[in-house]
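Please open the structure in the viewer and follow the stops below in order. Each stop gives a selection and describes what is found there.

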Amino acid sequence: MFNDIYQGCRVFVTGHTGFKGSWLALWLQQLGAQVEGYALPPEAGEPAHWSALGLDCGSTLADIRDAGVLQQSIERARPEIVFHLAAQPLVLASYQDPLTTWQTNVMGTANVLEACRAVDSVKAVVVITTDKCYENKEWSWGYRETDTLGGHDPYSASKAAAELVAASYRSSFAERAGAPRLLIATARAGNVIGGGDWAQNRLIPDVARAVAVGQRVDIRNPLAIRPWQHVLESLSAYLLIGERLLAGDETVACAWNVGPLESDIASVGEVLTQLGRLWPAVAWQQVGAVAHETSALRLDSSHIRTRLGWQPVWRLQQALAQTGSWYQDWMRGELISLQQLQQYQHDAALAGLVWAR
């Protein structure tokens with residue numbers, strides 16, 4: 001898969017102890033990569049997908065804001081590609097602690113890119129931001145990569161700023177004397193769901209916690225519309241972008257939206273209804289909003305579909321089924337992450353997707 005480009009490849013992943021980062025580390029190891037991670041320890045008091053996986057890879061537990069430690073880690077690992085996922089990823093948390101959000105998401109990104117610029121082994125960097133990096137106008141159509149960046153809350157605005165940092169490094173520091181050209185891409189994924197996410201104030205983790213104690217989950221806005229997708233969908237796009245960058249394709253060094261088909265963009269209430277059919281223990285009640293949150297957010301991913309041939313593998317119903325199964329098995333003491341990854345790869349190969357051939 002991915003033309004075997006990750007076999008034996010030295011890969012550095014920031015945020016590897018988090019939700020998406022732990023899944024990415026698992027997949028990279030399955031692809032034969034030599035993985036080195038850099039992240040904060042998993043949140044205390046919450047189940048940790050990273051810890052449960054028990055992966056045999058290098059791991060530095062440190063803050064992305066510590067430029068010196070980060071630089072030393074990347075110099076020591078000498079990666080060929082860096083996937084930068086470390087972030088403060090929550091909207092409501094950004095209201096509570098905006099300064100940490102800005103420092104982590106903006107200066108953390110600058111620290112990563114500056115370190116990569118100084119290490120001649122690094123050929124490519126994939127910076128993960130978010131679909132919330134756009135100036136949201138509550139449009140009824142999806143945002144495209146050429147639309148204006150912005151953000152009402154500190155999280156969204158900080159991710160828009162991270163996009164600008166990446167674009168600045170791409171245009172200003174790509175050329176390096178005596179080293180390969182540094183190719184930098186950014187990826188803006190939609191609302192990612194899947195097993196192993198235990199973040200506060202996210203829909204699926206909140207549902208799982210409520211089910212575990214036999215309670216209804218509090219829902220702030222059941223009418224809010226989001227582009228939902230399984231975590232493996234976003235990761236397959238990141239890995240495909242990385243493959244093309246490692247192959248030296250400079251046209252891929254740009255921004256990419258990664259989202260579901262238009263028909264899988266749905267409201268929170270619709271997602272809960274579908275999830276409830278698959279997981280009857282799910283129950284919810286509406287509560288008042290505690291801060292401003294976008295009512296409608298749609299993402300246009302036609303650019304990555306037409307240019308790179310990437311396509312979603314699992315539709316929303318299947319993504320919800322896989323997510324519900326993961327949490328139900330977890331509550332029974334079983335970890336099925338590897339089995340789900342293998343199923344996803346199998347389904348992608350059957351569909352003839354470009355990265356799975």
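Select Glu-138 and Ala-296 in this predicted model. A polar atom of the Glu-138 side chain lies 2.8 Å from the backbone nitrogen of Ala-296. Glu-138 sits in the loop between β5 (124-128) and α6 (154-172). Is Glu-138 buried or exposed? Its relative accessibility is 38%, so Glu-138 counts as partly exposed. Now display its surroundings: beyond the neighbours within four places in sequence, Glu-138 is in contact with Tyr-143, Thr-294, Ser-295 and Ala-296.

Next, move from Glu-138 to Leu-232; 27 Å separates their C-alpha atoms, and the two residues are 94 residues apart along the chain.

Leu-232 is among the residues of α8 that meet α1. Select helix α1 (residues 19-30) together with helix α8 (residues 231-246). Their axes are 10 Å apart and form an angle of about 60°, and the two helices are therefore oblique to each other. The crossing of α1 past α8 is right-handed. On the α1 side, show Phe-19, Lys-20, Trp-23, Leu-24, Trp-27 and Leu-28; on the α8 side, the residues they meet include Val-231, Leu-235, Tyr-238 and Leu-239. By class, this contact has 10 nonpolar, 2 polar and 1 charged residues.

Finally, select helix α7 (residues 203-212), which is mostly covered, with 8 of its 10 residues buried. Among the buried residues are Leu-203, Ile-204, Val-207 and Val-211. Their cover includes the strands β7 (191-193), β8 (217-219) and β9 (225-230), as well as the helices α9 (268-278) and α11 (316-331). After α7 comes Gly-214, with a positive phi near 70°.

Technical notes
Residues numbered from 1 in each chain as written. Predicted model: local features only at pLDDT ≥ 70, side-chain atom pairs only at ≥ 80, totals over all residues. Heavy atoms only, no water. Helix = DSSP H or I, 4+ residues; strand = E, 2+ residues; numbered from the N terminus. Buried < 20%, exposed > 50% of the residue type's maximum accessible area, 1.4 Å probe, protein only. Contact = heavy atoms within 4.5 Å. Polar contact = N/O pair within 3.5 Å; in protein donor to acceptor, adjacent residues only side chain to side chain. Axes fitted to C-alpha atoms, helices over the stretch in contact; angles between N-to-C directions. Parallel < 35°, antiparallel > 145°, perpendicular 65-115°, else oblique. Left-handed = near helix turned anticlockwise from the far one by under 90°. Nonpolar A, V, L, I, M, F, W, Y, C, P; charged D, E, K, R; others polar.
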